[in-house]
Structure formats: C-alpha cells, structure tokens
Amino acid sequence: MVQGTTSDAGKTTLVVALCRLLAQEGVKVVPFKPQNMALNSAVTADGGEIGRAQALQAVAAGLQPHTDMNPILLKPSSDTGAQVIIHGKARSDMNARDYHAYKPVAMQAVLESYQRLKTQYESVLVEGAGSPAEVNLRARDIANMGFAEAVDCPVILVADIDRGGVFAHIIGTLACLSESERKRTVGFVINRFRGDISLLEPGLKWLEEQTGKPVLAVLPYLHGLFLDAEDAVETTQAARGAFRVVVPVPPRISNHTDFDALRAHPEVDLQLVGPGQPIPSADLIILPGSKNTRGDLEWLIANGWREALLRHARYGGKIIGICGGYQMLGMTVADPHGVEGMPGVSQGLGLLDIATELTREKRLEQVSGTCAFADAGVSGYEIHMGTSEGAARSSPAFMIDGRAEGARSGDDHILGTYLHGLFDTPSACSALLRWAGLDSDVTVDTAQLREASLQRLADATRPLLAALRALPDYQA
C-alpha cells in the first residue's frame, strides 16, 4: 500500500508507475483505492463510477476500469456534504458526521472488493487517501492504516520534497501512528526531487538513523507529464496559442479533465478563471461540468459571468456547455426532489431553449457517435442526474448510438452536451474548434500523450521496484 505524508505527495503516480512496470513484466497486477474523494470520475466497463485516478491506474496496468478498483467514491456537493457512491452506484448524500458513522458499512464494501481482486490478481497495489497522520479521522478509518491493518499489508510512505519540510513530514507522520502501524511501514519514497543528489544524502542518512527504516527511492521531478488529474484543477499550459478558450472554475467543478486536450493544443490559449479574477476576452467560453448545478449557477451569476456570456454571445462568440454547464445554459433548472439540496427551481442563463429537471437516477454510460455539425467521430462518457428537453433539442450536438444528444441554438453559436471527454477524440476536437472559429489542421492525440507519460513515469520509478524486491519480506 502506498500512503502519503500529505495530499498530492505522489501516491497516485507511484501506483500508476508500479502498475505499468509489473504489467510489462507479465505480472497480473491491479490498482485499488478503498476510498476516494474527488469530483473527477470515470465510467467503468461494468457501468459504474470510480475516481479518475483509478481509471488511469487501470490503463497503466492494461486493464479496463472496474468498480472494484475504487469501491467508495465521495463526490463533495458542499463544504460539509457529499454524494456517497458504493460499488459504482450513488447510494445517498451524507454530511461528514453521518458518513463517519456509516464507515463500518462502507468498510464491508471495501473488503468485499479487495477480496474479489485478491482472488483474481497476483498483485494488488493499494493507494491511500490524504495522510494517515490525520488522527482526528483515525477511528473507523477505511482509507489508510485502518485498511492496512485490516488486511495486514505493508505500507510505503511517500513525501513530496518540492513542498519543503520533507524530513519533518516523514518524522511527524510516523509520530502520529501506532506502534503496529509504524512497524508495517517498510520504507520511504522521496518524490519530486530536483538538484544535486549529493546535497540530499546527509539528510537521507539522518532519516534512516532516526527511523530505522530505509529510503527506498528518491524520484525526480518530471516536467510536462500528461496524466489525468485526480481532483485538483490543473492550470499550467506548456505553450499558449492565439485562440483564446476561457473556462470559469466554480466551487463544484467536475471532470475538468475534459479540457486536457485543449491544454495540450499548441494553437489554444486555455485560461481557467476562478473567483475574483477578471473575465478575459475569449473566442470560445466553455461552461464545465458541476456536482451542484444550481449552486454553481448562482456562483456564476454572482461573479459576473451572466453579463459576460450575454455580451460574448451578442458579439458572435461561441459558447459550449458540458453536462452541468449545459443545464445552466437553458431557461430553468428544476430540482423537485432536492437531489442537490433544497428542492426548487433556478432561472438559467437563457442561452438555450431547454429546461432541465434533476432526477434521482444517475446516467452512467460510455458512448460513441458522430458530430451533428461536422463529419467527425466522437467518443466519451455520460455522468449526470437530470434530463433536458426543449426546442433547441431539434438541433442536436451529436448523434450517439442512433439518438440525438445535446442541443444547439438557432444561430448555431451555443452548443450544449452531456458528453464528457468530447475533446479527447482528435477528429471531434478539431471539429469543435473549427465550429468555434479555429481553422487548423493540428490535432492532439491525448491517448498517445498519456501513453508516453506513463512510460516516462514508469522508467523513472524503476529503482523503487528494485528496492522493494530487495526487502526481506517482499512477496509480489
């Protein structure tokens, strides 16, 4: 099991790399994360929903994503509440206190999935969540040491040296653990190192003397990796082109991996705009998916986006709404059952002639089809609770498996769709950008970029695998 001294220490990427290395050696290996809290998710082959990071790890292992790889997924809908997804299906919405009481039930689901994987695969690589040093969450823990103790698995502790204070992170984490938890921690990985390794070596020797445990590997800082983000919004872009694409970042933005292909496009200047930031001029504005459509719609209006969108449309600018963003573009968003909180109806942005009703049933499906406005194929996935109907549906955005999907405005300046991943297919990405005004023959193959990054990451992590195999109790 890979645990971290902090969030974003490198747990996900270590499991990704080890999955790839073992799979290349012919080992039947599978990734597993007992509990994930993230708004980036993926649709699995068995028709469920798991964290995006576990889907990436499955790709690294040469597997189709499956719900057993991430049996508990928490999708925050507010600062204190989240949708609880078990074995790929939404069960209920709970606040933090109620979920803490529910954890023994969740643990049973975790152990069921783990046992199924253990019988099918030679090696199960487990990823923790956050940090095991969060002593306030130690009771009924199912994400870190609570799970490791339950199944009796060894733990690697990874720390990010780029943050600073790496030795304090490791020593402090060990100090927060019980004696049995410290014993099962077999060694440390220091991640994202850049500089002269000789200057670090005295610190490594000190750490090993203080803890009696080995530093298994010091891994380099790898620039320019193209990998799906687990949750944090990625704002960096290697190169910026002239075509300006602007995306607002509301509090409950979901599946922002939709924009990875645009971030990698050499002719696109992708700008993600958060609260308090000025709204720049744009050629294309994209409203992203949301875990709380009505709440994020309220945020958009409060932050001046309604006026910006109306002005952009009035002067001929193009707008795309994806999933929750599509719902916001319509006339109304009704939530009669209180799916997102209090029942009620919100006035939409009024840019598409559709009305949306949120439903209790969540649609989860991998789909493929063609663009309705161009001769181009498209593939992606749907994750949404709600249906949208209205006159604009007579001009669909896509034809998916023989059915009309999404909507376009009468002047063809506004496009809405429930399809996530729509830019990942090179032909669809080119067609959408051409529709928005960028006439270019440049294409971006996200699958190829991801594959190259997976291999770079695996090659850099090879010393860790060798160090693990040198441990006396190594069993993989």
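A word on the annotations before I use them: UniProt positions are given here in the numbering of this model, the feature names are shortened, and an annotation may be inferred rather than shown by experiment. With that said, the UniProt record, an unreviewed entry, lists residues 244-425 as "domain: CobB/CobQ-like glutamine amidotransferase". What we have on the screen is a predicted model.

I'll stay with the annotated spans for a moment. Residues 244-425 are 17% helix and 37% strand, and the C-alpha atoms at the two ends of that span lie 20 Å apart. The same unreviewed UniProt entry also has an annotation for residues 1-224, "domain: CobQ/CobB/MinD/ParA nucleotide binding". In that stretch the chain is 38% helix and 26% strand, and its end C-alpha atoms are 27 Å apart.

Now the helices, beginning with H1. Helix H1 runs over residues 11-24, which makes 14 residues. From first C-alpha to last it reaches 20 Å, close to the 20 Å expected at 1.5 Å a residue. How many of the residues of H1 are buried? The count is 11 of the 14, so H1 is largely enclosed by the rest of the structure. The buried set starts with Lys 11 and Thr 12, continues with Leu 14, Val 15, Val 16, Ala 17, Leu 18 and Cys 19, and ends with Arg 20, Leu 21 and Leu 22. Just after the helix, Gly 26 has a positive phi of about 90 degrees.

Next, strand E5 and helix H2. Strand E5 covers residues 49-51, and Ile 50 sits in it. Ile 50 has a relative accessible area of 0%, so it is buried. What is Ile 50 in contact with, once its neighbours within four places in sequence are left aside? The partners are Asn 40, Ser 41, Ala 42, Thr 44, Ala 55, Pro 65, His 66, Thr 67, Asn 70 and Leu 73. For a longer-range distance, take Gly 325, which is 275 residues from Ile 50 along the chain; the two C-alpha atoms are separated by 21 Å.

Helix H2, residues 52-60, is mostly covered, with 8 of its 9 residues buried. Those are Arg 52, Ala 53, Gln 54, Ala 55, Leu 56, Gln 57, Ala 58 and Ala 60. One of them, Ala 55, is among the contacts of Ile 50. Just after H2 comes Gly 62, with a positive phi of about 75 degrees.

On to H7. This helix has 15 residues, 197-211, and at 1.5 Å a residue it should span 21 Å; its end C-alpha atoms are 21 Å apart, so the geometry agrees. Its buried residues are Leu 200, Gly 203, Leu 204, Leu 207 and Thr 211. Where does the cover come from? It includes helix H5 at 166-175, strand E11 at 185-193 and strand E12 at 215-220. H7 is followed by Gly 212, where phi is positive, near 70 degrees.

The packing of H5 on H7 can be put in numbers. Two packed helices are described by the angle between their axes and by the distance between those axes. Here the axes of H5 and H7 come within 11 Å and cross at roughly 10 degrees. Angles under 35 degrees count as roughly parallel, so H5 is roughly parallel to H7. On the H5 side the contact uses Phe 167, Ile 170, Ile 171 and Leu 174. On the H7 side there are Leu 200, Gly 203, Leu 204, Trp 206, Leu 207, Gln 210 and Thr 211. By type, the contact residues divide into 8 nonpolar, 3 polar and no charged.

Strand E11, which helps to cover H7, contains Val 186. That residue is buried, at a relative accessible area of 16%. Val 186 and Asn 303 are 117 residues apart in sequence, and 49 Å apart from C-alpha to C-alpha.

Last, two backbone points. Asp 152 is not a glycine, yet its phi is positive, about 60 degrees. It lies in the loop between helix H4 (145-151) and strand E10 (155-160). Is Asp 152 buried or exposed? Its relative accessible area is 59%, so it is exposed. Asp 412 also has a positive phi of about 60 degrees without being a glycine. Its loop joins strand E27 (407-408) and strand E28 (414-417). At 25% relative accessibility, Asp 412 counts as partly exposed.

Methods:
Residues numbered from 1 in each chain as written. Predicted model: local features only at pLDDT ≥ 70, side-chain atom pairs only at ≥ 80, totals over all residues. Heavy atoms only, no water. Helix = DSSP H or I, 4+ residues; strand = E, 2+ residues; numbered from the N terminus. Expected span 1.5 Å × (residues − 1). Buried < 20%, exposed > 50% of the residue type's maximum accessible area, 1.4 Å probe, protein only. Contact = heavy atoms within 4.5 Å. Axes fitted to C-alpha atoms, helices over the stretch in contact; angles between N-to-C directions. Parallel < 35°, antiparallel > 145°, perpendicular 65-115°, else oblique. Nonpolar A, V, L, I, M, F, W, Y, C, P; charged D, E, K, R; others polar.
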